[in-house]
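Got the viewer open? Here's a short walk through a few residues, with a note on what to select at each stop.

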Amino acid sequence: MSDHRLSSVCLVGDRFAAFASHDNVRTVSQLVAEVGAGAYDTLSGPLLVWEGQGVTDYEREYVRGALDARGLGDKLLMQPNDPDPVPRAQVHKHREVNVLLSGLCELSPGRYHAALRLHSDNELLLDHQSGEHVQGMVVVEAFRQMFIACCERFTASRQPSRRYYYIWHGMDIRFERFVFPLDADIDCTVTDSRTDDPSRLAMTVDLELRQTGHRCAVARIDFTAHDAERISAKEHVIAARAVTTVLGGAGHEPLASVVSAG
């Protein structure tokens, strides 16, 4: 740290170490190490810790414990940024660390809003995090979760006895700015809705991700939410045909020949 009198710091998860190259940004591990080395012992005023992405209750308590050990607990002003994730049934993700949305709400009929929520152990960050920005595939997945969650909560919920299977028909996406591990907002606007048949909900939505007042990415997505039982049966038949084609089609030996030869 170039200035130990620094009274505010942006805290991010350890996954975003490249972003912590800035003077006023620290990862959880960096901040705890600096506190333990006495870097903040001479603070004359409170230490404001403003959280970016990737900080959970577990890491938050780790930071508090380090400050308490140095007698600095009373100088800590923590601004947590760990809102509740959108429920599993709405984003269709099995693990909480992979949920990219929080605070989903309806602004007006057909207009919805949520905040981007990034856990350091999100599946899309485990094997591809280069540079300071958040990778584009995270934005794509956030948009996917957004249109599904909006449909599930505000449209499909009118049919509580049905379970829906979502199929994309097309996506047009454009990236305009880097997204960094800081607060970001996602808006979803329904531009076309064909929901008279409860077994087939068809929609077109426009999505927008904004950060620091700037538009970073936009997308238009066409999708259909089908009755899960009906589409699963069709999918099974199509999958069986694909297997038959691959194993018995042109350029492939029939499965029986392969087995007998072995």
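We'll visit four loop residues in turn, keeping in mind that this is a predicted model.

**Stop one: His119.** Select His119 in the loop that links strand E6 (111-116) to H4. Is His119 buried or exposed? Its relative accessibility is 15%, and the cut-off for buried is under 20%, so His119 counts as buried. Now show what surrounds the residue: beyond its neighbours within four places in sequence, His119 is in contact with Gly54, Thr56, Val97 and Leu125. Then add Asp121, whose backbone nitrogen sits 2.9 Å from a polar atom of the His119 side chain.

**Stop two: Ala156.** Go next to the loop between helix H4 (136-154) and strand E7 (164-175), where you'll find Ala156. Ala156 is buried, because its relative accessibility is 4%. Which residues touch Ala156, leaving aside its neighbours within four places in sequence? Select Cys151, Tyr164, Tyr166 and Leu201 to see them. For a distance check, pick Asn98 as well: Ala156 and Asn98 are 22 Å apart, C-alpha to C-alpha, with their positions 58 residues apart in sequence.

**Stop three: His92.** Move to the loop between helix H3 (88-91) and strand E5 (101-108) and select His92. With 34% relative accessibility, His92 counts as partly exposed. Check the backbone here too: His92 isn't a glycine, yet its phi is positive, at about 60°.

**Stop four: Thr212.** Finish in the loop between strand E9 (200-211) and strand E10 (214-227), at Thr212. Thr212 has a positive phi of about 50° without being a glycine. Turn on the surface and look for Thr212, which is exposed at 63% relative accessible area.

Note on methods
Residues are numbered from 1 along each chain as its sequence is written. This is a predicted model: local features need pLDDT of at least 70, side-chain atom pairs count only at pLDDT 80 or more; totals for chains, interfaces and linings use all residues. Side-chain values use heavy atoms; hydrogens and water are left out. Helices (H or I, at least four residues) and strands (E, at least two) are DSSP runs, numbered from the N terminus. Buried means under 20% relative accessible area, exposed over 50%, partly exposed in between (1.4 Å probe, protein chains only). Contact means heavy atoms within 4.5 Å. A polar contact is a pair of N or O atoms within 3.5 Å; within protein, one must be able to donate a hydrogen and the other to accept it, and residues adjacent in sequence count only if both atoms are side-chain atoms.
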